[in-house]
Amino acid sequence: MTLRIPPGTPVLTAQAMRDAEQACFDKGVAQGELMERAGAAVAQAALRFAMDRSILVLAGPGNNGGDAYVAARLLAERGHDVTVAALGGKRDGAAEEMRQRWTGNTVPLEQAEPRAVLIDGLFGTGMSRPIEGAVKAALHRLVAAAQFSLAIDLPSGLDTDSGGDMGAARVDVTVALGSLKPAHLLGYGLERCGHVLLADIGIPISPEVVKLARPRLTPPAPDAHKYSRGMVVVVEGEMPGASRLAARAALHGGAGYVLLAGTGSADAGPDALVHARVDDAKALHDLLDDARVGAVVIGPGLGRSEAARAKLEAVLAAPHPTVFDGDALTLLGEGATQCFAKRDAVSILTPHAGEFARMFGKNGRGKIERTRDAAADCGAVIVHKGPDTVIGGLTQLTVANAGTAWLSTAGTGDILAGLVGARLAVEGRCGVCHAVWLHGRAAELAGAAFAADRLIRHIPQAIEECL
Ligand SMILES: NC(=O)C1=CN([C@@H]2O[C@H](COP(=O)(O)OP(=O)(O)OC[C@H]3O[C@@H](n4cnc5c(N)ncnc54)[C@H](O)[C@@H]3O)[C@@H](O)[C@H]2O)[C@@H](O)CC1
Ligand SMILES: Nc1ncnc2c1ncn2[C@@H]1O[C@H](COP(=O)(O)OP(=O)(O)O)[C@@H](O)[C@H]1O
Ligand SMILES: [K+]
């Protein structure tokens with residue numbers, strides 16, 4: 001049983017998990033064997049928290065319920081006072097076998113009395129419709145009355161692939177079986193799952209999606225100079241504070257040279273920032289005619305005027321890897337897919353949910369699928385921000401939880417754009433994920449109620465942890 005979720009942990013959708021499980025069966029592993037392992041992992045986790053308190057195990061009609069019966073049996077064998085609250089009658093296959101092997105006290109779900117410890121094995125990855133009515137009422141009543149609650153695989157009532165709420169109650173601990181599922185990292189799942197533990201039940205996994213890992217970064221080469229370290233051009237906008245935040249973040253994110261292209265006025269620090277006067281799109285075009293430029297950042301505070309649009313066109317036409325954020329994305333709107341699909345240079349898009357919807361529309365699918373498809377359609381890397389940031393367009397889809405909701409303050413996105421620009425200039429496309437990790441870590445280091453400006457000073461500290 002893993003206490004902390006290790007870096008690069010696979011994240012599997014419900015279907016991918018079923019496929020991995022089937023591959024296991026094809027190699028001769030019996031379903032009952034996997035269920036025994038799952039139930040044993042749940043019992044082991046419950047033992048840590050239950051002490052000598054009485055336990056109520058909710059057992060649903062499918063395999064999640066099968067795992068629940070195994071856990072109930074193993075806990076009772078260890079001398080615990082265990083009651084099963086069952087939903088549904090006869091089951092199929094291994095789940096029915098496990099039900100029959102349970103010989104202890106069983107009551108119908110709706111009549112169950114609360115116990116100190118609750119194990120939720122109603123539904124897992126097979127939940128196909130919202131839980132409602134008496135079942136939902138019983139689940140919420142029993143979880144609320146328990147002193148400690150633990151969910152098997154997922155809190156029942158959470159949509160596996162989107163983290164959407166379909167009637168789930170918040171539990172204290174969730175034991176993810178075999179791999180993480182999107183719902184452990186996305187949407188309502190972030191809150192409903194409580195502390196997530198991962199149980200290896202011996203299912204081989206080849207993931208399409210992974211949880212963001214702490215990067216390993218390298219310091220500058222001994223013969224590095226400021227341009228070889230990575231030169232970043234940040235386009236100053238009509239709200240200069242936002243682009244200055246991006247530029248300062250790039251400077252603290254490891255870039256060797258950061259140039260703010262706009263008014264040319266150096267009245268706001270830091271002094272290491274180079275200011276260039278760029279009055280119009282033509283001047284920007286000329287400035288970008290420089291092979292030393294490693295990355296361009298456009299969008300933070302850009303504005304939505306015709307002049308802003310003209311600058312955006314100049315950047316789109318330039319051959320440099322570019323981070324498109326904020327107003328740059330809003331200006332492109334529904335035309336974004338076509339525009340990026342025909343751009344040859346590396347494009348990194350950093351939309352929040354609103355900007356993403358303006359470019360790619362809204363539909364009911366999960367954040368992972370929407371980000372993956374939009375990135376493929378654009379031929380770009382997309383950092384779809386939020387408490388559950390999804391990064392698409394790289395070799396593996398990556399999900400990142402920042403670990404602190406204090407990031408939800410104005411300007412932190414501008415900082416991310418600058419930081420992505422820096423890591424892009426320093427390391428290429430793989431730097432995008434590194435920037436997202438550093439941003440989240442800097443926020444943790446910044447503590448409570450920070451203003452975005454203060455986040456920047458923690459970026460070098462976060463980098464230091466990765467050397
Ligand atoms: N995939 C794997 O590798 C493994 C899965 N296991 C367990 O199996 C679970 C998945 O099992 P299943 O596919 O049987 O699915 P579940 O046990 O999650 O639920 C499926 C059952 O619930 C019913 N159902 C779905 N939504 C309902 C609703 N809203 N109200 C009432 N009934 C509803 C379905 O008709 C079906 O009978 C996992 O979450 C995990 O706990 C483990 O046993 C071991 C390995
Ligand atoms: N509740 C939250 N928990 C963790 N991170 C968050 C949360 N809300 C926002 N963030 C992060 O904060 C940043 C906000 O970016 P954005 O919305 O573009 O803000 P702004 O435009 O004001 O800079 C993003 O990196 C996003 O992932
Ligand atoms: K469950």
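These exercises work through a predicted model of a protein chain with two ligands.

**Exercise 1. Domains**

Task: Find which domains the chain is assigned and how many residues link them by contact.

Solution:
- Start with the bounds. Domain 1 covers 10-208, and domain 2 covers 231-464.
- Take the centres next. The C-alpha centres of domain 1 and domain 2 are 41 Å apart.
- Count the contacts. On the domain 1 side, 10 residues take part; on the domain 2 side, 9 residues do.
- Sort the domain 1 side that touches domain 2. It holds 6 nonpolar, 2 polar and 2 charged residues.
- Check the record. An unreviewed UniProt entry lists "domain: YjeF N-terminal" at residues 17-209.
- Describe that stretch. Residues 17-209 are 37% helix and 18% strand, with end C-alpha atoms 12 Å apart.

**Exercise 2. The sides of helix α4**

Task: Decide which residues of helix α4 (93-101) are buried, and what they pack against.

Solution:
- List the buried residues of α4. They are A94, A95, M98 and R99.
- Look down the axis. These residues cover an arc of only 145°, so they sit on the same side of α4.
- Turn to the other side of α4. Q100 and R101 are exposed there.
- Name the partners. The buried residues of α4 pack against α2 (31-50) and α3 (63-77).

**Exercise 3. The shell around ligand 1**

Task: Find how many residues surround ligand 1, and which element gives the largest share.

Solution:
- Count the shell. Ligand 1 is surrounded by 28 residues.
- Pick out the closest. They are E21, G62, N63, G124 and G126.
- Trace the elements. α1 (14-26), α2 and α3 each give two or more residues to this shell.
- Find the largest share. α3 supplies it, with 5 residues.
- Sort by type. The shell around ligand 1 has 12 nonpolar, 11 polar and 5 charged residues.

**Exercise 4. Ligand 2 and the annotated site**

Task: Describe the shell around ligand 2, then work out why the residues of the UniProt "binding site" gather at one spot.

Solution:
- Count the shell. Around ligand 2 there are 17 residues.
- Pick out the closest. They are K385, P387, L407, S408 and G413.
- Find the largest share. Helix α14 (412-427) gives 4 residues.
- Sort by type. The shell around ligand 2 has 6 nonpolar, 9 polar and 2 charged residues.
- Turn to the record. The unreviewed UniProt entry places "binding site" at K385, G386, P387, D388, T389 and G413.
- Test the clustering. These positions span 29 residues in sequence, but no two of their C-alpha atoms are more than 13.9 Å apart, so they gather at one spot.
- Locate G386. This residue is in the loop between β16 (381-384) and β17 (388-392). P387 lies in the loop between β16 and β17 as well.
- Judge the exposure. G386 has 19 C-beta neighbours inside 10 Å, so G386 is partly exposed. P387 has 17 other C-beta atoms within 10 Å, so P387 is partly exposed too.
- List contacts, leaving out residues up to four places away in sequence. G386 touches H352 and A353. P387 touches L190, N401, A402 and A405.

**Exercise 5. The setting of L329**

Task: Decide whether L329 is buried or exposed, and say why.

Solution:
- Place L329. It lies in helix α10 (326-332).
- Count neighbours. L329 has 23 other C-beta atoms within 10 Å.
- Apply the cut-off. A residue with 20 or more is buried, so L329 is buried.
- List its contacts beyond four places in sequence. L329 touches G299, F324, A336, L349, P351, E355 and M359.
- Add a distance. L329 and H439 are 110 residues apart in sequence and 21 Å apart in space, C-alpha to C-alpha.

Note on methods
Residues numbered from 1 in each chain as written. Chains lettered and ligands numbered in written order. Predicted model: local features only at pLDDT ≥ 70, side-chain atom pairs only at ≥ 80, totals over all residues. Buried ≥ 20, exposed ≤ 12 C-beta atoms within 10 Å, placed from the backbone. Arc of directions from axis to C-beta. Contact = placed C-beta atoms within 7 Å. Near = placed C-beta within 6 Å. Nonpolar A, V, L, I, M, F, W, Y, C, P; charged D, E, K, R; others polar. Domains from an automatic or database assignment. UniProt positions renumbered as here; feature names shortened; annotations may be inferred.
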